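Visitor: Please take a close look at one part of this model, the place where the ligand sits. I would also like to hear what empty space is left elsewhere.

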Amino acid sequence: MANNEDAFKKVVSHAKEYGFIFPSSEIYDGLGAVYDYGQLGTELKNNIKSYWWKSMVQYHENIVGIDSAIFMHPKIWKASGHVDAFNDPLIDNKDSKKRYRADVLIEDHIAKIEEKIEKEVEKARKRFGDAFDRDQFVHTNARVLEHQAKIDDITRRYSQCMNDNDLAGLRQLILDLEIVCPISGTRNWTEVRQFNLMFATQMGSVSEGSDTIYLRPETAQGIFVNFLNVQKSGRMKIPFGIAQIGKAFRNEIVARQFIFRMREFEQMEMQFFVRPGEELKWFEYWKAERLKWHLALGIPAENYRYHDHEKLAHYANAATDIEFRFPFGFKELEGIHSRTDFDLSRHSEFSGKKLQYFDSELGENYTPYVIETSIGVDRTFLAVFSHALKDETLEDGTTRTLLSLPPVLAPYKAAILPLVKKDGLPEKARAIFDSLKHDFMLQYDEKDAIGRRYRRQDAIGTPFCITVDNDTLDNDTVTVRERDTMQQERVAIDQLDSYLHRRIKPITID
Ligand code: GAP
């Protein structure tokens with residue numbers, strides 16, 4: 001791709017052209033930061049959710065899954081701190097009249113300095129070749145040290161302002177760093193104001209005296225308020241986890257970057273309840289486990305990195321993000337938080353119900369501590385989709401658009417293609433389709449020359465094309481073409497089921 005911006009545009013247009021993602025309410029000119037998933041997008045999204053659910057709930061005896069309601073008692077959001085503290089600091093540019101998140105302006109500024117460091121590293125890597133030691137270089141090179149000192153200074157001031165809710169200090173930092181509005185190019189900034197991100201609505205008719213309730217901004221609270229229900233009905237013993245996948249809603253003011261930041265999105269969250277004092281051990285465990293989950297998709301490790309938090313949320317005593325290299329740079333994909341006993345204690349306090357656990361081994365009651373893993377379905381979609389999309393030049397000079405999705409996530413696992421539309425090949429292909437369709441999402445296609453059909457499947461990420469030809473009628477074998485390598489091999493029809501199962505499994509990471 002020509003550059004990152006072009007690559008990102010191509011992601012958005014490819015997603016629409018092939019039925020993955022459409023702007024919501026498009027015939028009414030769309031609705032800001034809201035998207036619909038089309039026929040292939042829905043399959044990919046469901047596969048992401050199933051891959052997560054299996055690895056969390058099915059593969060862990062001590063993790064169970066729930067599905068709590070989106071509407072919850074309004075006191076829950078008071079207890080969780082969202083009514084008082086779930087805010088974004090906003091700032092407007094007086095010339096362009098554009099609104100920005102003050103924290104994002106500062107973080108983008110830091111990211112630009114980080115890019116400068118990366119450029120120095122790349123230059124040195126080229127210069128020193130195999131002998132290059134990145135660690136040594138970044139700790140000794142004068143220019144890198146200078147950039148790093150700037151980052152450290154900004155991060156310190158920024159964290160202080162965010163922790164102290166010092167809005168004037170945030171504005172001053174933006175002025176001191178000479179950050180300009182990308183539209184007007186000026187530094188004519190307003191004061192910084194706090195803006196609550198929760199959507200409010202009314203429950204019950206106005207005449208009855210309706211109550212204000214909120215659309216949940218995270219799924220986590222539905223887990224906390226069901227802690228006792230699940231623990232007692234499932235006779236769960238600590239340590240244990242409760243997982244949930246569901247919609248969340250945030251009135252994001254700066255909603256850009258396609259499905260990266262949406263107003264309606266989906267989360268996959270797991271709260272892991274542990275003994276007080278053991279939380280940091282479990283935090284490290286989940287930090288490593290979650291990265292393995294990503295790597296098992298086969299996307300190279302250099303596309304992921306941890307970002308440990310300096311500024312901790314009001315409920316956390318440790319936190320890290322797993323960041324992914326999106327087309328617009330490294331950004332948060334997943335959060336892992338050590339949430340202490342904050343949520344259970346607050347819900348005990350606000351509800352008057354004791355949310356505790358009797359540990360029979362220790363012979364004592366306590367409020368469990370919690371490690372949370374929280375990942376966006378849509379961000380995972382964008383990560384795998386943008387990484388997979390490539391324009392490839394082949395040996396014969398022709399090009400193809402390839403969507404090299406991890407096979408376990410691909411909408412269709414295989415396409416069944418009769419070589420020609422005659423001689424009994426379509427009937428044979430249909431019979432193969434019928435024998436495999438209970439286990440795999442398949443597409444049957446008999447239109448156009450075989451080369452064009454392969455290209456269509458490459459563009460939607462189908463990992464295997466199964467071609468039925470005249471030999472198939474004689475010896476019950478088919479040609480299986482692998483999407484990324486385009487290599488073909490002959491496979492017996494009665495082996496197809498086990499062949500596909502074996503080839504679409506995620507890889508194992510130790
Ligand atoms: N329960 C903790 C929590 O909600 P978060 O870091 O605010 O933590 C967790 O959100 C994940 O949810 C993020 O890492 C991201 O993947 C996803 N997410 C958050 N806001 C989003 C948005 N506006 N659009 C899409 N995904 C979002």
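**The ligand and its surroundings**

Guide: Glutamate 372 places a polar side-chain atom 2.8 Å from a nitrogen atom of the ligand. This is a predicted model, and the distances here are computed from it. Methionine 262 also has a polar contact with the ligand: one of its polar backbone atoms is 2.8 Å from a ligand nitrogen atom. On the oxygen side of the chemistry, a polar backbone atom of glycine 376 lies 2.9 Å from an oxygen atom of the ligand. The ligand on its own has 550 Å² of accessible area, and the protein covers 93% of that.

The elements that each supply two or more residues to the surrounding shell are β10 (264–274), β13 (329–340) and β16 (369–376). Of these, β13 contributes the most, with six residues. The shell as a whole holds 21 residues, and the closest to the ligand are Glu218, Met262, Glu269, Glu332 and Glu372. Sorted by class, ten residues of the shell are charged, six are nonpolar and five are polar.

Now to the empty space. Rolling a probe the size of a water molecule over the atoms shows where such space is left. The count gives one cavity of 30 Å³ or more, and the largest cavity has a volume of about 30 Å³. Its lining consists of His294, Leu297, Tyr304, Phe324, Leu333, Thr380, Ala383 and Val384. Helix α13 (residues 377–388) provides the largest share of that lining, three residues. No charged residue lines the largest cavity; its lining has six nonpolar and two polar residues.

There are also pockets to consider. The second largest pocket contains about 740 Å³ of space. It is lined by 27 residues, and those closest to its centre are Tyr51, Lys54, Ser55, Tyr59 and Pro506. Three helices each give two or more residues to this lining, namely α2 (39–58), α11 (279–295) and α17 (496–504). Helix α2 gives the most, with seven residues. By class, the lining of the second largest pocket has 13 nonpolar, seven polar and seven charged residues.

To return to the ligand: its polar contacts include one to the side chain of glutamate 372, one to the backbone of methionine 262 and one to the backbone of glycine 376.

Conventions
Residues are numbered from 1 along each chain as its sequence is written. This is a predicted model: local features need pLDDT of at least 70, side-chain atom pairs count only at pLDDT 80 or more; totals for chains, interfaces and linings use all residues. Side-chain values use heavy atoms; hydrogens and water are left out. A residue is near a molecule or strand if one of its heavy atoms lies within 4 Å of it. A polar contact is a pair of N or O atoms within 3.5 Å; within protein, one must be able to donate a hydrogen and the other to accept it, and residues adjacent in sequence count only if both atoms are side-chain atoms. Accessible areas come from the Shrake-Rupley method with a 1.4 Å probe; for residues, only the protein chains shown count as cover. Helices (H or I, at least four residues) and strands (E, at least two) are DSSP runs, numbered from the N terminus. Ala, Val, Leu, Ile, Met, Phe, Trp, Tyr, Cys and Pro count as nonpolar, Asp, Glu, Lys and Arg as charged, and the others, Gly among them, as polar. On a 1 Å grid over the protein atoms alone, a cavity is a set of points where a 1.4 Å probe fits but cannot get out, and a pocket is an open set with protein on both sides within 12 Å along at least five of seven lines; lining residues have an atom within 4 Å of a point. Grid points are joined across faces, edges and corners, and a volume is the space filled by probe spheres set on the points.
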